[in-house]
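Student: I would like a close look at one part of this model: the charged side chains that pair up. Please take the salt bridges one by one, then add whatever else helps to place them.

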Amino acid sequence: MEGLPEYMKPLYNEIVTLFKETEEKLDEEGYPNQIGYVGLGIESVQLTIYFFLVSLQLQELFWAYFKEAEWHHKGYTPGTEEYLHVATKSAGYHALCTLTMVFMKEASIEAFEWSKSYPKIIQSVAEMSRLMDDFASHEFEQERSHIPSSVECFMEEKGKTKEEVHGMFKSFYHQTWKDVNEACLRPTPFPMCIIGKPVNLARVIEALYYGNGKDEYTFSAGRIKEMIT
């Protein structure tokens, strides 16, 4: 903490406090596997290893944020492959799939290892989520200072029109759901409550972005507010 700028110290302190309180809660309620994967417990060699692995995952997320900021300040438009490599990480869905297993009795060490390995179902949901987000929000995002989305990257690299790119995204979207469904066919490597984490994230994306082609996450005062109510 001493090496941080003054403006970052209060935030860092709050994060450490939150993690410590969560660690104590997990320990009280008997969740031995989760502590290390959230990046909290370091009492044993095993948990230290898990802490290190989760730290790498979080570093990957923050690296993606930094990379997008770098693109923005340089006015750089990446190729589609380069963009997706970064943007699927900055979307945060991989981290969410792991973190949402906290407080689950069924979340074994093997389940956390599986999530950390970025299996096909999580990779597919991350790509689906990023493309559907871009599909719905790229126009109003480009009205302000923002990096190019996958729509602009595809248009520039592939020489496609906006309408053609939208058609490509819809086709990819339907194929991705087939990949998600395939991963849920019996037998599954883990209980469906574990496999269902990325599936439910995909369902959220469908609710937020796909229904009418609008960004219901950013502009949530209408249909989404009614759904939640």
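Tutor: The salt bridges come first, followed by the aromatic pairs and a few single sites. Keep in mind that this is a predicted model.

Side chains of opposite charge can pair when their charged atoms come close. The structure holds nine salt bridges. Here are some of them.

Start with glutamate 6 and lysine 9. Their side chains form a salt bridge, with 3.0 Å from N to O. The two partners differ in burial. Glutamate 6 is exposed, at 59% relative accessible area. Lysine 9 has 15% and is buried, because the cut-off for buried is under 20%.

Next, lysine 120 and aspartate 179. This salt bridge has an N to O distance of 3.7 Å. Lysine 120 sits in helix H7 (residues 120–141) and aspartate 179 in helix H9 (residues 162–183), so the pair ties together parts that are 59 residues apart in sequence. Aspartate 179 is buried, with a relative accessibility of 16%.

Helix H7 also holds a pair of its own. Arginine 130 and aspartate 134 both lie there, four residues apart, which is about one turn of the helix. They form a salt bridge whose closest N and O atoms are 3.4 Å apart. Arginine 130 is buried, at 11% relative accessible area. Aspartate 134 is buried too, at 1%. Elsewhere, salt bridges with shared partners join Lys67, Glu70 and Lys74 into one network.

Now the rings. A pair of aromatic rings is described by the distance of the centres and the angle of the planes. The count comes to five aromatic pairs. One of them joins phenylalanine 62 and tyrosine 65: the centres are 6.4 Å apart, the planes stand at 40 degrees, and the pair is tilted. Both residues are in helix H3 (residues 45–74), and their spacing of three residues is about one helical turn. Phenylalanine 62 is partly exposed, with a relative accessible area of 47%. Tyrosine 65 is partly exposed as well, at 45%.

Tryptophan 71 and tyrosine 76 make another pair. Their ring centres lie 6.2 Å apart and their planes meet at 55 degrees, so this pair is tilted. Tryptophan 71 is buried, at 4% relative accessible area. Tyrosine 76 is partly exposed, at 35%. Together with Tyr83, Trp71 and Tyr76 form one aromatic cluster.

Three further sites deserve a look. On the surface, Leu11, Ile15, Leu18 and Phe19 make a nonpolar patch of about 360 Å². Phenylalanine 19 belongs to helix H1 (residues 9–28). Its relative accessibility is 31%, which counts as partly exposed.

Glutamate 106 is in the loop between helix H5 (93–99) and H6. With 42% relative accessibility, glutamate 106 is partly exposed. Beyond its neighbours within four places in sequence, glutamate 106 contacts Cys193 and Ile194. The C-alpha atom of glutamate 106 is 10.0 Å from that of methionine 192, with the two positions 86 residues apart along the chain.

Serine 115 closes the tour. It lies in helix H6 (residues 109–116). Serine 115 is buried, with 1% relative accessible area. Setting aside residues up to four places away in sequence, serine 115 touches His94, Cys97, Thr98, Met101 and Ile122.

Conventions. Residues numbered from 1 in each chain as written. Predicted model: local features only at pLDDT ≥ 70, side-chain atom pairs only at ≥ 80, totals over all residues. Heavy atoms only, no water. Helix = DSSP H or I, 4+ residues; strand = E, 2+ residues; numbered from the N terminus. Buried < 20%, exposed > 50% of the residue type's maximum accessible area, 1.4 Å probe, protein only. Contact = heavy atoms within 4.5 Å. Phe/Tyr/Trp six-rings, centres within 6.5 Å; stacked < 30°, edge-to-face > 60°. Patch = residues over 30% accessible without salt bridge, like charges linked within 9 Å, V, L, I, M, F, W, Y side chains within 5 Å. Areas by Shrake-Rupley, 256 points an atom, 1.4 Å probe, with all protein chains shown as cover. Salt bridge = Lys/Arg side-chain N within 4 Å of Asp/Glu carboxyl O.
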